[in-house]
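The following note sets out points for a colleague's reading of the model. It takes up pockets, charged pairs and strand pairing in turn.

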Amino acid sequence: MLKSVKVRDYMTTDLVTFSPEMDLFRAIDRLLAHRISGAPVLDADGHLVGLLSEGDCLKGILAGSYFEEAGGSVASVMTVVVETIDADADIVKAAEHFINMRRRRLPVVDEGRLVGQISRRDILRAMQTYNEHGAPK
């Protein structure tokens, strides 16, 4: 049953991350180079302090263009209220969260520490694997 499949089994652990102090344009370069739409922001101790998305970057650039000061730091534009999911949550809970909250990805935590990220695509991969290995078709 899908409820026995855990987020930790399908999450991505090799993450691109940013620091709050990082220059916004440097962060944009990394998003583009890695072909990702967002990434976690970690403090010096590795604690999750925010998320930086393409939308955050666009808002920062647009706001800066009004004052002819485009740029700034990741901290100046990142989303600071971060929804997370526990590594031991089941895939069904993650799928429900994606549907109800309209998110693309969720940081995964284990005992309060960032351990990975799960995306809608990861959930689809889990369901495909489940279907290929004996689930009713």
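How much space lies in the second largest pocket?

1. The second largest pocket holds about 340 Å³ of space. This value, like the others below, comes from a predicted model. The pocket is lined by 18 residues, and L51, S53, R103, R104 and R105 are the closest to its centre. Strand 1, strand 2 (48–53), helix 2 (54–66) and strand 4 are the elements that give two or more residues to this lining. By class, the lining residues of the second largest pocket comprise seven charged, six nonpolar and five polar.

2. The largest pocket contains about 490 Å³ of space. Its lining is made up of 20 residues, with I36, R105, Q117, S119 and R121 nearest the centre. Two or more lining residues come from each of strand 1 (38–42), strand 5 (113–119) and helix 4. Helix 4 provides the largest share of this lining, namely four residues. The lining of the largest pocket divides into seven charged, seven nonpolar and six polar residues. R105 deserves a separate remark: this residue is listed among those nearest the centre of the largest pocket, and also among those closest to the centre of the second largest pocket.

3. Three salt bridges are present in the structure. As general background, side chains of opposite charge can pair when their charged atoms come close. Two of the pairs share an arginine: R8, D88 and D110 are linked in a network of salt bridges.

4. Within that network, the closest N and O atoms of R8 and D88 are 2.9 Å apart. This pair links distant parts of the chain, 80 residues apart: R8 belongs to the segment before helix 1 (24–34), whereas D88 lies in the loop between strand 3 (85–86) and helix 3 (91–101). The salt bridge between R8 and D110 has an N to O distance of 3.4 Å. Because D110 is in strand 4 (residues 105–110) and R8 is in the segment before helix 1, this pair ties together parts that are 102 residues apart in sequence.

5. Are the members of the network buried or exposed? R8 counts as partly exposed because its relative accessibility is 34%. D88 is likewise partly exposed, at 40% relative accessibility. D110 has a relative accessible area of 26% and is therefore partly exposed.

6. The remaining salt bridge to be described joins D122 and R125, whose closest N and O atoms are 3.3 Å apart. Both residues lie in helix 4 (residues 120–132); because they are three residues apart, about one helical turn separates them. D122 has a relative accessible area of 8% and is therefore buried, the cut-off being under 20%. R125, by contrast, is partly exposed, with 38% relative accessibility.

7. An open sheet is formed by three strands in the order 3-4-5, with mixed pairing. Strand 3 and strand 5 each have a single partner strand and stand at the edges, so each has one side without a neighbour in the sheet. Strand 3 and strand 4 run parallel and are joined by two bridges. D86 stands opposite V109 in strand 4.

How values were computed. Residues are numbered from 1 along each chain as its sequence is written. This is a predicted model: local features need pLDDT of at least 70, side-chain atom pairs count only at pLDDT 80 or more; totals for chains, interfaces and linings use all residues. Side-chain values use heavy atoms; hydrogens and water are left out. A salt bridge is a side-chain nitrogen of Lys or Arg within 4 Å of a carboxyl oxygen of Asp or Glu. Buried means under 20% relative accessible area, exposed over 50%, partly exposed in between (1.4 Å probe, protein chains only). On a 1 Å grid over the protein atoms alone, a cavity is a set of points where a 1.4 Å probe fits but cannot get out, and a pocket is an open set with protein on both sides within 12 Å along at least five of seven lines; lining residues have an atom within 4 Å of a point. Grid points are joined across faces, edges and corners, and a volume is the space filled by probe spheres set on the points. Ala, Val, Leu, Ile, Met, Phe, Trp, Tyr, Cys and Pro count as nonpolar, Asp, Glu, Lys and Arg as charged, and the others, Gly among them, as polar. Two strands pair if DSSP finds at least two bridges between them.
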